[in-house]
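Q: Got a minute to walk through this one with me? I'd like to get the layout first and then poke at a few spots.

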Amino acid sequence: QLSQTDERYQVRYEKLVRDRASLHKNAENKLPALKRLLTSLGSDTENLLIFVSPEQLPPVMLLLKELGIPAHRFTEQEGVRKLAELGGLSQREYILEHFKKKTYHALTAISCLDEGIDIPSADKAILLSNSTNPREYIQRIGRVIRQAPGKQRASIYDFIVAPGQDSRLPPQLREFEKKLFEKELVRVKEMAENAINNSDVRRIIDRMS
């Protein structure tokens, strides 16, 4: 049993905190929830951006293929060097061009779409993996709220993980769960502040708080 003032305790505790945060980000129930959401959208899957973690990328791409949604990954592995075989475009430019042409209905991104990329045609974003860092989620929202001809509204779907009710968890871990959840609710409130369905989101948050 290590004292809380012991350096080894702090190192171990910080690792547990990081591991727990990773579990929240990659919670296994997010994938079936994503499938339900995509199924509910029906044919309305064009102009869709899906933000995922590296661990979520392969299963999400498989799910999109299973549902018949034309999609392409957009990660740091897709290069920016101009290629003759792509008509003088880089891989990223080629992917974005086909997204705008609706050859690809969806782009599945890790972080490359967070800044410096302008896709005004995108009008739906699914935040399967998100953080409590305001800069990150503001940038992601910004990808779909840009004005564009014929674009009347944008839809944003944010996935959050509610804390478990297991009383066997150590008090510190339960407290960490609570704080992490509260931070996620802050993000949801800020994102919904100017949303058309703000009152609906507020009622859901009140029930969960």
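What follows is a quick back-and-forth on the fold, the helix packing and some individual residues.

Q: Before anything else, what kind of model is this?
A: It's a predicted model.

Q: OK. How many helices and strands does the chain have?
A: Seven helices and five strands.

Q: And in what order do the elements run from the N terminus?
A: They go α-α-β-α-β-α-β-β-α-β-α-α.

Q: How much of the chain counts as buried?
A: 39% of the 209 residues.

Q: What about contacts between residues at least 6 apart in sequence, what share joins residues at least 24 apart?
A: That share is 66%.

Q: Let's look at α3. Which of its residues are buried?
A: Helix α3 covers residues 57-66, and the buried ones are Leu 57, Val 60, Leu 63 and Leu 64. Looking down the axis of α3, those buried residues fall within an arc of 125°, so they line one face of the helix.

Q: Which residues are exposed on the other side of α3?
A: Leu 62, Lys 65 and Glu 66.

Q: Back to the buried face: what covers the buried residues of α3?
A: The cover includes helix α2 (30-41) along with three strands, β1 (48-51), β2 (71-74) and β3 (106-109).

Q: Anything in the backbone just after α3?
A: Gly 68 sits there, with a positive phi of about 75°.

Q: You mentioned α2. At what angle do α2 and α3 pack?
A: At about 30°, and their axes are 11 Å apart. The two helices are therefore roughly parallel to each other. As for handedness, α2 passes α3 in a right-handed crossing.

Q: Which residues make that contact?
A: From α2, you have Leu 31, Leu 34, Lys 35 and Leu 38. From α3, the contact uses Pro 59, Val 60, Leu 63, Leu 64 and Glu 66. Val 60, Leu 63 and Leu 64 are among the buried residues of α3, while Glu 66 is listed as exposed.

Q: Switching to the C-terminal end. How do α6 and α7 pack?
A: Helix α6 (residues 171-192) and helix α7 (residues 198-208) pack at about 165°, with axes 10 Å apart. That angle makes α6 roughly antiparallel to α7.

Q: Is that crossing left-handed or right-handed?
A: Left-handed, as α6 passes α7.

Q: And who meets whom there?
A: On the α6 side you have Phe 181, Leu 185, Val 188, Lys 189 and Ala 192. They meet Asn 198, Val 201, Arg 202, Ile 205 and Met 208 in α7.

Q: Now some single residues. Where does Asp 44 lie?
A: In the loop between α2 and β1. Asp 44 is partly exposed, at 42% relative accessible area.

Q: What does the side chain of Asp 44 make a polar contact with?
A: The side chain of Lys 124, at 3.3 Å. Those two residues are 80 apart along the chain, and their C-alpha atoms are separated by 9.6 Å.

Q: Isn't there another residue of interest in that loop?
A: Asn 47 is also placed between α2 and β1. Asn 47 has a positive phi of about 60° although it isn't a glycine.

Q: Why bring up the sign of phi?
A: Because most residues other than glycine have a negative phi.

Q: Is Asn 47 buried or exposed?
A: Buried, at 9% relative accessibility.

Q: Where else do you see a positive phi in a residue that is not a glycine?
A: Lys 102, at about 70°. Lys 102 is in the loop between α4 (91-100) and β3, and at 33% relative accessibility it counts as partly exposed.

Q: What about Arg 140, buried or exposed?
A: Buried: Arg 140 is at 4% relative accessibility, and it lies in helix α5.

Q: Which backbone oxygen lies 2.9 Å from a polar atom of its side chain?
A: The one from Ile 110.

Q: Last one: where is Gln 152?
A: In the loop between α5 (134-142) and β5 (155-158). Gln 152 is exposed, with a relative accessible area of 75%. Its C-alpha atom is 8.9 Å from that of Asp 123, which is 29 residues away along the chain.

Key. Residues numbered from 1 in each chain as written. Heavy atoms only, no water. Buried < 20%, exposed > 50% of the residue type's maximum accessible area, 1.4 Å probe, protein only. Helix = DSSP H or I, 4+ residues; strand = E, 2+ residues; numbered from the N terminus. Arc of directions from axis to C-beta. Contact = heavy atoms within 4.5 Å. Polar contact = N/O pair within 3.5 Å; in protein donor to acceptor, adjacent residues only side chain to side chain. Axes fitted to C-alpha atoms, helices over the stretch in contact; angles between N-to-C directions. Parallel < 35°, antiparallel > 145°, perpendicular 65-115°, else oblique. Left-handed = near helix turned anticlockwise from the far one by under 90°.
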